[in-house]
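Reader: I'd like to go through this one label by label. Can you tell me what each call rests on?

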Amino acid sequence: MWKIIILAVIIVAILLLLASCVKIVPQAHAYVVERLGAYQSTWSVGFHLKVPIIDKVAKKVILKEQVVDFAPQPVITKDNVTMRIDTVVFYQITDPKLYCYGVQNPIMAIENLTATTLRNIIGELELDESLTSREIINAKMRSTLDVATDPWGIKVNRVELKNIIPPAAIQDAMEKQMKAERERRESILIAEGEKRSAILKAEGHKESVILEAEAEKQSAILKAEAVREAKIREAEGEAQAILKIQQATADGIRFIREAGADAAVLQLKSLEAFEKAADGRATKIIIPSDIQGIAGLAKSVVEVAKDDAK
């Protein structure tokens, strides 16, 4: 009976031992295996068997990118202002063996290295530069930490300054400065708006004056054109009237000549034509030499013209 129990216990122990020798490494992980205390190998993702009692898994390493947030560290700027800065480091393990055997406590080592690097960088900058140069500080810290942690099998992907906490007196001064700056910008915006409004009003008045002058000019041009057209039409009418009178006179003389009138009648009609040409406005008429023989008749015509002029 006791033999059966002992045999069962031995079988169970063997099974448990064999089960403990079977290892499955999950994704994004790596196992560092030691044999009799010395480094043996690094297991990657998959199924693995180890030698019982002799081999052991010394370290299970996560290969994914990890984030560590360090507590605020006191730093002193170049102009002797003490402030506190907390940082966030994004890192990834690239060599599990170096990570296990390169440094005793990798996270503590990174924290201390981050603090010393941050003090060195901030110590070369003044307060204003420290507050406005986060990107430069991040880049310098990442470069320094990446080089320093490479022997530990760690790659620093990014470093961020989470908070920069200056002293209370500096914070009050900064708030007052920001308030004054906002008030100054507000005054500038108001002045710019008033200036722009005045410019727009002046430009509007200028354009109005120009448009009025253009309108007056166009009106004057149109009036002058109308007067000129009226005078031209009046002159053309007078010319047409004179032409018709002369044509009618010529036709009358031609009709008289065709009717067989004597020279005296023709000369009398010529004088009537001169009298009509005077149009009642002339006081003297020049008589051609060929009709001076009938001066008495001409004198009568001249008197008639004078009476009409009066």
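**What the labels rest on**

Author: Gladly; let's start with a helix. The buried residues of α3 pack against β7 (73-76), β8 (82-93), α2 (96-101), α4 (127-132), α5 (134-149) and β9 (154-165). Keep in mind that this is a predicted model.

Reader: Which residues of α3 are the buried ones?

Author: They are P106, A109, I110, L113, T114, A115, T117, L118, I121 and I122. Buried here means a relative accessible area under 20%.

Reader: How do you know that the span of α3 agrees with what its 17 residues should give?

Author: Helix α3 covers residues 106-122, and at 1.5 Å a residue it should span 24 Å. The C-alpha atoms at its ends are 24 Å apart, so the two values agree.

Reader: And the chain as a whole: how many helices and strands are there, and what share of the residues is buried?

Author: The chain has eight helices and nine strands. Of its 310 residues, 23% count as buried. About 21500 Å² is exposed, with carbon and sulfur atoms supplying 59% of that. As for contacts with a separation of 6 or more, 62% are between residues 24 or more positions apart.

Reader: Back to burial, then. What makes V88 buried?

Author: Its relative accessibility is 12%, and the cut-off for buried is under 20%, so V88 counts as buried. This residue is in strand β8. Leaving aside neighbours within four places in sequence, V88 is in contact with V67, V68, D69, R158, V159, E160 and K162. Take D69 from that list: V88 and D69 are 19 residues apart in sequence, yet 4.6 Å apart C-alpha to C-alpha.

Reader: Why is I62 called partly exposed?

Author: I62 has a relative accessible area of 34%. Partly exposed lies between the buried cut-off of under 20% and the exposed cut-off of over 50%, so I62 gets that label. Not counting residues up to four places away in sequence, I62 touches A28, H29 and I93. The C-alpha atoms of I62 and I93 are separated by 7.3 Å, with their positions 31 residues apart along the chain.

Reader: Where does I62 sit?

Author: I62 is in strand β5, residues 55-62. That strand belongs to an open, antiparallel sheet of three strands, ordered β3-β2-β5.

Reader: What makes β3 and β5 edge strands?

Author: Each of them, β3 (38-43) and β5, pairs on one side only. On average, neighbouring strands of this sheet are turned by 25 degrees against each other, direction ignored.

Reader: How do you know that β2 and β3 pair?

Author: Pairing takes at least two bridges, and five bridges join β2 (residues 29-35) to β3, with the strands running antiparallel. One bridge partner to look at is T42 in β3, which goes with V32.

Reader: How many aromatic pairs does a search of the whole structure find?

Author: One. Y39 and Y101 form it, at 6.0 Å centre to centre and with 80 degrees between the planes. Ring centres must lie within 6.5 Å to pair, and planes over 60 degrees apart count as edge-to-face, so the pair is edge-to-face.

Reader: What does that pair tie together?

Author: Y39 lies in strand β3 and Y101 in helix α2, so the pair links parts that are 62 residues apart in sequence. Y39 is partly exposed at 30% relative accessibility, and Y101 is partly exposed at 40%.

Technical notes. Residues are numbered from 1 along each chain as its sequence is written. This is a predicted model: local features need pLDDT of at least 70, side-chain atom pairs count only at pLDDT 80 or more; totals for chains, interfaces and linings use all residues. Side-chain values use heavy atoms; hydrogens and water are left out. Helices (H or I, at least four residues) and strands (E, at least two) are DSSP runs, numbered from the N terminus. The expected span of a helix is 1.5 Å times one less than its number of residues. Buried means under 20% relative accessible area, exposed over 50%, partly exposed in between (1.4 Å probe, protein chains only). Contact means heavy atoms within 4.5 Å. Accessible areas come from the Shrake-Rupley method with a 1.4 Å probe; for residues, only the protein chains shown count as cover. Axes are lines fitted to C-alpha atoms, for helices over the stretch in contact, and angles run from 0 to 180 degrees between N-to-C directions. Rings of Phe, Tyr and Trp (its six-membered ring) pair if their centres lie within 6.5 Å; planes under 30 degrees apart count as stacked, over 60 as edge-to-face and the rest as tilted.
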